[in-house]
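Hi,

Here is the structure I promised to send over. Have a look at it first, and then read on for my notes on what turned up.

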There are 2 protein chains.
Amino acid sequence: MPGAEGATDLPDLADIRAAHTRIAGLVHRTPVMTCASIDAEVGAALHFKCEHLQTIGAFKARGACNAVYCLPDDVATRGVVTHSSGNHGAAIAYAASRRGIPAWVVMPENAPQVKQDNVRRFGARVRICAPTVAAREAACADVERETGASLVHPFDDSRVIAGQGTVALELLAAAPDLDVVVAPCGGGGLLSGTAIAVRSVSPKTQVIGAEPANADDAARSFASGRLEALATTTTIADGLRTSLAPRTLAAIKAHVGALHTCSEQGIVRAMRMIFERMKQVVEPSAAVALAILLEHRTAVRGLRVGVILSGGNVDLDRLPWVPR
Amino acid sequence: MPGAEGATDLPDLADIRAAHTRIAGLVHRTPVMTCASIDAEVGAALHFKCEHLQTIGAFKARGACNAVYCLPDDVATRGVVTHSSGNHGAAIAYAASRRGIPAWVVMPENAPQVKQDNVRRFGARVRICAPTVAAREAACADVERETGASLVHPFDDSRVIAGQGTVALELLAAAPDLDVVVAPCGGGGLLSGTAIAVRSVSPKTQVIGAEPANADDAARSFASGRLEALATTTTIADGLRTSLAPRTLAAIKAHVGALHTCSEQGIVRAMRMIFERMKQVVEPSAAVALAILLEHRTAVRGLRVGVILSGGNVDLDRLPWVPR
């Protein structure tokens, strides 16, 4: 069952290919960019997959559309529900509006107004809850019970993981013969989908997960082999403040070659480098993949590397290099 | 003569096509982007030509490369000289480094360190002068006399205008059947080249110049038919703080349909809109074209409009919407 508690079923390449066909008219096929001056900094040939140019400004549109369009008509008509203070909430709102079904998004009371507006823009209803995991899950369960809506978890859902895996299919098609693909890791949905797709299509290509040292639960879980808790985190990479689920840990253990972490200063530096040299607006979470390359240059020296720029939804009034 | 005082010879379509061939291996063929949510704001179908993704971060690389590569070998070997505190200086430095000839760039003593570094990065020599037109011209003349270097003026040069006109050739190829093309106007090099190219290739397409109201010499010159002076200007669009030359005024009078101006707040608003919705880093001068569309919506309602995003070299520590 895609959303069942503790389930660990995962999509395979056929599921990811089916997802790609399913969402083709709903999301953009984003470009792959290169930048000679960043290549010179890293000492490798980087190919940036531009998911900050995706609908709703992040790859999350892919998983959300796949999950929403997998639902049978009679189930879909009752709507979908999720909890997210970030891009997944907007993605579910977008996917539901495209399918013409209702959506509810549970958000903590401290979520910025701009993120609530992003969700409401697509006609979704926002349910405010206390900023705790328990309150969030209870609010989701309430909506499910009241409305019959289907839960679409931000990452612990094989339909969502299959959708996120479509990023890698397009990256490998545009930039063949990559030695390495780097994806940021929060809950692990993007990294799991990427790893399954890459290792199936191009077994010689290594997949590396990128994580802030300030939210390194995935790196610790990868090392120990079991789910390690994430203490309160202060990373500026707000999209990566979640921990893995058993499902995503299973995919990562099976298909990912390494998880590297980076400093907060490294994230700011990489983000600014992408703004300055590529002229692209990315959010801190998206810069984490480049940050680990800058801090682990020897691991990729001379290689052809795919880098997933996961999203571009950043508060332009609070860019992290501007003193306040 | 390309650089002669008061000369008004202009390139034709054949010159612009020849420039396009000449610079093909030296500059990028930049992409054309669209953005549904900005289209909805303006009420038109916009096609953004992304010269902020050009080598050195601005269209100026085109004109500079064309002028530098037009020089006969025995002349080129003595080098090139120009005056510019902005993108043209970096463009000449880049073009000269590609051709392997020396370059001198005269800059006012108040030019920011980052702009001097941009020029030195390509091996050009920087000559500092007092921040006046007379001092700048004297310093250029000194370099010409001492070294035999050839002057490449930032816009009052038909080879430079031909190079800038190649932007429009690519835009029309990627987005045929445009009703209007909008280009920002400072000294008028880009607008002249654009107008000549567009009116030759697609006579039914109107060309509109975009200018800050705070530096509206071109709009006033266009209205009166003769060169009007530019008083000291305070526009944040630092690339557009120059006035027309007789040569560029002649091209604009012959081929441009209208010049529109916009407010300073309009520039900031358009620039932020491009950051937020297109996830593209552009400089204030590049946002002026969208700003005039937002302030003159009725002029383009329902039309297919090409918009030249001229450059992306902006000081990220001083974005204009962030209070200091």
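At what angle do helix α3 and helix α5 of chain A pack, and how far apart are their axes? Before the reply, one caution: this is a predicted model, so please read everything below in that light.

The angle is about 45 degrees, and the axes are 8 Å apart, for α3 (residues 60-70) and α5 (residues 87-99) of chain A. The two helices, α3(A) and α5(A), are therefore oblique to each other. As for handedness, α3(A) passes α5(A) in a right-handed crossing. If you want to click through the residues, α3(A) brings Lys60(A), Ala61(A), Ala64(A), Cys65(A), Val68(A) and Tyr69(A) to the contact. Facing them from α5(A) are Asn87(A), His88(A), Ala91(A), Ile92(A), Tyr94(A), Ala95(A), Ala96(A) and Arg99(A). Sorted by class, this contact of α3(A) with α5(A) holds ten nonpolar, two polar and two charged residues.

Next, α3(A) has another partner worth a look, α8(A). Their axes come within 7 Å and cross at roughly 135 degrees. That makes α3(A) and α8(A) oblique to each other as well, and their crossing is right-handed. From α3(A), the residues involved are Arg62(A), Gly63(A), Cys65(A), Asn66(A), Ala67(A) and Cys70(A). They meet Arg159(A), Val160(A), Ile161(A), Ala162(A), Gly163(A), Gln164(A), Thr166(A) and Val167(A) in α8(A). Here the split is seven nonpolar, five polar and two charged. Cys65(A) is worth highlighting in your viewer, since it is listed both in the contact with α5(A) and in the one with α8(A).

Now for the domains. Chain A is divided into domain 1 (13-58 + 160-309) and domain 2 (61-151). Between the C-alpha centres of these two domains of chain A there are 25 Å. Where they touch, 19 residues of domain 1 of chain A are in contact with 13 residues of domain 2 of chain A. On the domain 1 side of that contact, α1 (13-22) and α8 (158-174) of chain A each supply at least two residues. Which helix gives the most to that side? It is α8(A), with seven residues. By class, the domain 1 side has ten nonpolar, seven polar and two charged residues.

One more helix pair, further along the chain: α12 (residues 264-278) and α13 (residues 284-295) of chain A pack at an angle of about 105 degrees, and their axes are 7 Å apart. So α12(A) and α13(A) are roughly perpendicular to each other. On the α12(A) side you will find Gly266(A), Ile267(A), Arg269(A), Ala270(A), Met271(A), Met273(A) and Ile274(A). The α13(A) side has Pro284(A), Ala287(A), Val288(A), Leu290(A), Ala291(A), Leu294(A) and Glu295(A). In this contact of α12(A) with α13(A), eleven residues are nonpolar, one is polar and two are charged.

Finally, the two chains. Chain B lands on chain A after a rotation of 180 degrees with 0.0 Å of shift along the axis, and the RMSD is 0.0 Å. That is the relation of a two-fold axis. Within chain B, the C-alpha nearest the axis belongs to Gln280(B), at 2.5 Å from it. The same surface serves both copies, as 100% of the contact residues of chain B recur in chain A. How many residues does each chain put in? There are 14 from chain B and 14 from chain A. The side of chain B that touches chain A has six nonpolar, four polar and four charged residues.

Shout if you get stuck finding any of this.

Cheers

How values were computed: Residues numbered from 1 in each chain as written. Chains lettered and ligands numbered in written order. Predicted model: local features only at pLDDT ≥ 70, side-chain atom pairs only at ≥ 80, totals over all residues. Least-squares fit on C-alpha atoms with pLDDT ≥ 70 in both. Contact = placed C-beta atoms within 7 Å. Nonpolar A, V, L, I, M, F, W, Y, C, P; charged D, E, K, R; others polar. Domains from an automatic or database assignment. Helix = DSSP H or I, 4+ residues; strand = E, 2+ residues; numbered from the N terminus. Axes fitted to C-alpha atoms, helices over the stretch in contact; angles between N-to-C directions. Parallel < 35°, antiparallel > 145°, perpendicular 65-115°, else oblique. Left-handed = near helix turned anticlockwise from the far one by under 90°.
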